[in-house]
Amino acid sequence: MTDPDFPTDPHATPTGEAFQSDDLTPESGDSLSHVPVLADEVLEMLQPAPGKVFVDGTLGGAGHTGLLLAAGATVYGIDQDPYALDRARAANPQGLTVLEGNYRDMAALLAGVGVTQVDGILLDIGVSSFQLDDTARGFSYHTEAPLDMRMSQSGESAADVVNEYEAEELASIIYEYGEDRLSRRIARAIVAAREQAPIETTVQLADIVKRAYPGFSKGIHPARRTFQALRIHVNDELGALRDGLSAAEMLLAPGGRLAVISFHSLEDRIVKRFLLGSERLEPLTKRPVIATDEEQGTNPRARSAKLRGAQRTDA
C-alpha cells in the first residue's frame, strides 16, 4: 500500500463526501414522503410512461419510485434495509413490487419474479436521509450511538472493524475510501485507544479521530472521512456499485435507460469509467448533471449529487 500519510495520487483529494445526519432535515409524513434529489432530471433521463417497467435498485425512502409510479410505470423496488422495506410495504402503492436484497443481485432478484428485461433502472447510491437521521444506526459522528453502520443490519459492523483490524488494514480503508492523508495516524490512534477499552460508540471514535488531527479547532469534523470510509467498507458499497452496473447493463432492453446518482468522487469515477467502457451502453451526458442552485438551497443532500445516464444499444 502507498504510504497514506504522503499520497502521491493527485486524484486522492476528496471532491465530494456523503452528508451526515446533521446536514439533513428529518423527513415526516407517509412512507413515500422522501424528497428525491434531481427529481426532474431523473424523470427526463428515464422517460417513464404507462406500460414501462422500471427498477429502483436503491428504494430507500421511495421518493424516486413515487415519481415513476405517478407517471404510470410499473416499478420493482430493491433494498436491503429492513426499515426501508417496511416503509414501502406499509404504503403499498399500486404498481410497486418490493424485493429484499442488494441491488448488486438485481438480476437474480428479478428472475425470481419472472422479469428478465426492463425499460429503465435507477440507482441512487449511498445512504438515505432517513438512515442518517436514525441515530441508532451509527452513521453520524455527532450523536452518541452504537458504532454500527450496517445498512442490512447483518454481518460485520463498524465496531468489529475498528476493534479487530490491524493498523495497516485500518489505514488502508481510511485512505482508500475516506481519501484521508492522515490515515496512518488515525489508524495508530484507534489501535492505541482500543488497547485501553473497546471502541463501541460513534462519539468514542469521533473523539479519537479528532485528537489524531493536529491543531483541529473548528470547521468540518475530521472524523467525517473516517466514518465515510468505514460505512463504505462495512457495506461493500463500491463493490456493490460495480456489480450493480454490470447487472443493469444486462437487464436493460434495447433502448432502455440507466440513471445513476452518486454523492462522492469514488462513486462517480466508477460510474463514469463503466459507462465509457461499456459496449452495450451509450452515455447520455458528457458531464454529470448536478442540482440547480435552487434545489441545493432547499435540499442539502443535493449539493454533492451527480447524475449520469446511459441508453442500452442493440449490441
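1. Of the 315 residues in the chain, 55% count as buried, and this applies to a predicted model rather than to an experimental one. The secondary structure comes to 13 helices and seven strands. Among contacts in the chain with a separation of 6 or more, 70% are accounted for by residues 24 or more positions apart.

2. The UniProt record, an unreviewed entry, lists A62, G63, H64, D79, Y103, D124 and Q131 under "binding site", and such annotations may be inferred rather than shown by experiment. Of these positions, A62 and D79 are taken up here. A62 is found in the loop between β1 (53-56) and α2 (63-70), and it counts as buried because its relative accessibility is 1%, where buried means under 20%.

3. D79, also in that record's list, is found in strand β2, which covers residues 74-79. With a relative accessible area of 11%, D79 is likewise under the 20% limit and is therefore classed as buried. Leaving aside its neighbours within four places in sequence, D79 is in contact with T58, L59, G60, A84, L85, L99, E100 and G101. The side chain of D79 also reaches the backbone nitrogen of D81, at 2.8 Å.

4. The strand that holds D79 is part of a wider arrangement: β2 and strand β3 (residues 96-100) pair in the parallel sense over five bridges, and within this pairing V75 stands opposite L96 in β3. Together with helix α3 (residues 82-91), the two strands β2 and β3 make a right-handed β-α-β unit. As background for reading the side chains here, in a regular strand they alternate between the two faces of the sheet.

5. How far apart are the end C-alpha atoms of helix α7 (residues 167-178), and what span should its twelve residues have? The end C-alpha atoms are 15 Å apart, which agrees with the 16 Å that the twelve residues should span at 1.5 Å a residue.

6. The buried residues of α7 are L170, A171, I173, I174, Y175, Y177 and G178. These buried residues pack against α6 (158-164), α8 (183-196), α10 (223-234), α11 (237-251) and α12. It may help to recall that an α-helix has 3.6 residues a turn, so residues three or four places apart point the same way. Just after α7, E179 takes a positive phi of about 50 degrees.

7. Two further residues with positive phi deserve a look in the model. L38, a residue other than glycine, has a phi near 50 degrees and is found in the segment before α1 (39-46); its relative accessible area is 0%, so L38 is buried. M149, again a residue other than glycine, has a phi near 75 degrees and is found in the loop between α5 (129-133) and α6; M149 is buried because its relative accessible area is 0%.

8. A last point concerns F263, whose place is in the loop between β5 (252-262) and α12 (265-277). Is F263 buried or exposed? With a relative accessible area of 6%, F263 is buried. The C-alpha atoms of F263 and R301 are separated by 8.5 Å, although the two residues are 38 residues apart along the chain.

Definitions and conventions
Residues are numbered from 1 along each chain as its sequence is written. This is a predicted model: local features need pLDDT of at least 70, side-chain atom pairs count only at pLDDT 80 or more; totals for chains, interfaces and linings use all residues. Side-chain values use heavy atoms; hydrogens and water are left out. Helices (H or I, at least four residues) and strands (E, at least two) are DSSP runs, numbered from the N terminus. Buried means under 20% relative accessible area, exposed over 50%, partly exposed in between (1.4 Å probe, protein chains only). Contact means heavy atoms within 4.5 Å. A polar contact is a pair of N or O atoms within 3.5 Å; within protein, one must be able to donate a hydrogen and the other to accept it, and residues adjacent in sequence count only if both atoms are side-chain atoms. Two strands pair if DSSP finds at least two bridges between them. A crossover is right-handed if, with the strands pointing away from the viewer, the path from the first strand over the helix to the second runs clockwise. The expected span of a helix is 1.5 Å times one less than its number of residues.
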